[in-house]
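Colleague: I am new to this model. Please take a close look at a single part of it, the charged side-chain pairs, and then place them in the whole.

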Amino acid sequence: MLAYIEHFQPDSITSDENHQYADVLPLFKSLNLDFSFTSSSASWDFGHLHNSNPLAVIRPSSSDDVAKVIPLALRSNGMTIAARGNGHSVNGQSLADRGIVIDMKVIDPRIEVFIDEGVVDVSGGALWEDVLRHCVSEHKLCPRSWTDYLGLTVGGTLSNGGVSGQSFLYGPQTENVTEMEVVTGNGDVLICSENQNSELFYGVLGGLGQFGIITRARILLHPIPDKVRWIRLVYTQFVDFAGDAEKLVTRPDGDTFHYVEGFVFVNSSDPVNGYPSVPLNSTQSFDPTMIPELAGPVLYCLELALHYNDEDSQSMIDKRIRNLIGGLRFVDGLRFETDVGYTEFLMRVKRVEDEAKVNGTWDAPHPWLNLFISKDDMAEFDRLVFKNILRHGVGGPVLVYPLLRSKWDARKSVAVPEAEIFYLVALLRFCSPGGLPVEEMVNQNKEIIKICCENGFDFKMYLPHYESMEEWAIHFGNQWMRFQRRKADFDPTAILSPGQKIFPRNCQITN
């Protein structure tokens, strides 16, 4: 039985829509709901760039409830369904205009650890931060691969990839799942894994919600360390920064750091984009006199973390770090480090979220852009983009760090560059008073994409958004036929995830 319908707008439906949804509306009305809201939080996503009014927002209590919603859409010619986690998409991907939005955060909030198997079963609507807290507090275990921000749902990140500084070791989050329960666009509730309904399993992971709704996932776990030595090293030259980052992510397992990321910052005292963004705590300060006079408009920071336990001696930890960073080409005197608890390290972005909510930027527009770019093209990207278009910053972090293609299973749906080493470039823009207008930020993003295309870069958009099927075909490249085939198998009427704008409702999908 459906938990309840949070939001229903029968009075907002036009006469044409009333005819289109004639068979569906009585099913909603028969529930005798007293709600008649004129707006809904499901009309917006985190990006605040797009607005869509759903017909209904449904809060299911189980996967069976989710499956019961599918026939409502199948009985109409135009209705669609969007599974919404924490609504953290930035280009309307979690929206469903005049469709049904399923609020996944309220579905069966199970978090069940199987210690002998080293896995945890979690709801698709569970937040990663809640998974972390439960696994650590109850079992001293946790998932191996994370995102930087943990206020995201399990189903949401598994539908896209899920990357962070651990991905060079363990792969993205999509490589750390052994089994899922999925509700397909046909209304079937299926268990899938590498050995059972494998085509659905591979398709859903990184599949942008196109083949099914993840209602449960089984995630690999490992023991947690007690502490983390958190380090930041500053560079003036991209070639040195990139060379050192690539050296660290290609070292043998067990002979490198447990986390490798990096970011670009402005060579100025700008409080958001410049020097103050580098120190790890309030007791540290950035000394700009250490920067060579010939340094360019932007600088680079390599961010590292080494796990250890309370019984490990400080001298042993210090020696290991000396061995790992020996020979790295960072600026002498611009090394920052601190020791923090493991959970505190993983939750480090929570403080940024809290501050942004206080100053109002959390609810402002976020015209973010995320790219995967081959290492062979990064020097030119640095010259044309970091040192030119973005030389004054983006009003937030500019992440850049290497990933390894060999850690990504090509049978899954995520599109990545051809090169073995490619970089995540994430422009995490925050709109604030005195900053660039939203329109200019969006135009910058378009200009950057144009530069990548015109220069023939080996790149893919991560968390992609396109406006036409032709653009999506280019994005997926030689995977496009497989993507279409999976759509024909698991959602042939294209009712799922309309906000991705890949397949129009009722389009002819060939198998």
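Modeller: Glu418 is exposed, with a relative accessible area of 57%; exposed means over 50%, buried under 20% and partly exposed in between (1.4 Å probe, protein chains only). The model is a predicted one, in which local features need pLDDT of at least 70 and side-chain atom pairs pLDDT 80 or more, while totals use all residues. Numbering starts from 1 along the chain, and side-chain values use heavy atoms, without hydrogens or water.

The partner of Glu418 is Arg405, and the two form a salt bridge with the closest N and O atoms 4.0 Å apart. The term covers a side-chain nitrogen of Lys or Arg within 4 Å of a carboxyl oxygen of Asp or Glu. This pair links distant parts of the chain, 13 residues apart, and both Glu418 and Arg405 sit in the loop between strand E16 (398-404) and strand E17 (421-427). Strands (E, at least two residues) and helices (H or I, at least four) are DSSP runs numbered from the N terminus. Arg405 has 24% relative accessibility and counts as partly exposed, whereas Glu418 is exposed.

A second pair is Asp382 and Lys387, whose side chains meet in a salt bridge with 2.3 Å from N to O. Here Asp382 is buried, and its relative accessible area is 4%. Lys387, in contrast, is partly exposed at 28%. The bridge between Asp382 and Lys387 therefore joins a buried residue to a partly exposed one.

The third pair lies within a helix. Arg351 and Glu355 form a salt bridge, and their closest N and O atoms are 3.5 Å apart. Both residues belong to helix H11, which runs over residues 348-359, and because they are four residues apart in it, about one helical turn separates them. Glu355 is partly exposed, with a relative accessible area of 43%.

Some bridges also join up. Glu129, Asp130, Arg133, Lys350, Glu353 and Lys357 are linked in a network of salt bridges. Lys350, Glu353 and Lys357 fall within the residue range of H11, 348-359, the helix that also holds the Arg351 and Glu355 pair. In total the structure holds 34 salt bridges, so the pairs described here are examples of a longer list.

Now for the whole. The protein contains 15 helices and 18 strands. Its C-alpha atoms fill a box of roughly 70 × 50 × 45 Å along the principal axes. Of the 511 residues, 58% are buried, and Asp382 is one of the buried residues. Contacts (heavy atoms within 4.5 Å) also reach far along the chain: where the residues are at least 6 apart in sequence, 75% of the contacts join residues at least 24 apart.

Gly254 gives one further point of reference for finding your way around. This residue lies in the loop between helix H8 (238-249) and strand E12 (259-266), and at 62% relative accessibility Gly254 counts as exposed. Ser94 is 160 residues from Gly254 along the chain, and the C-alpha atoms of the two are separated by 39 Å.
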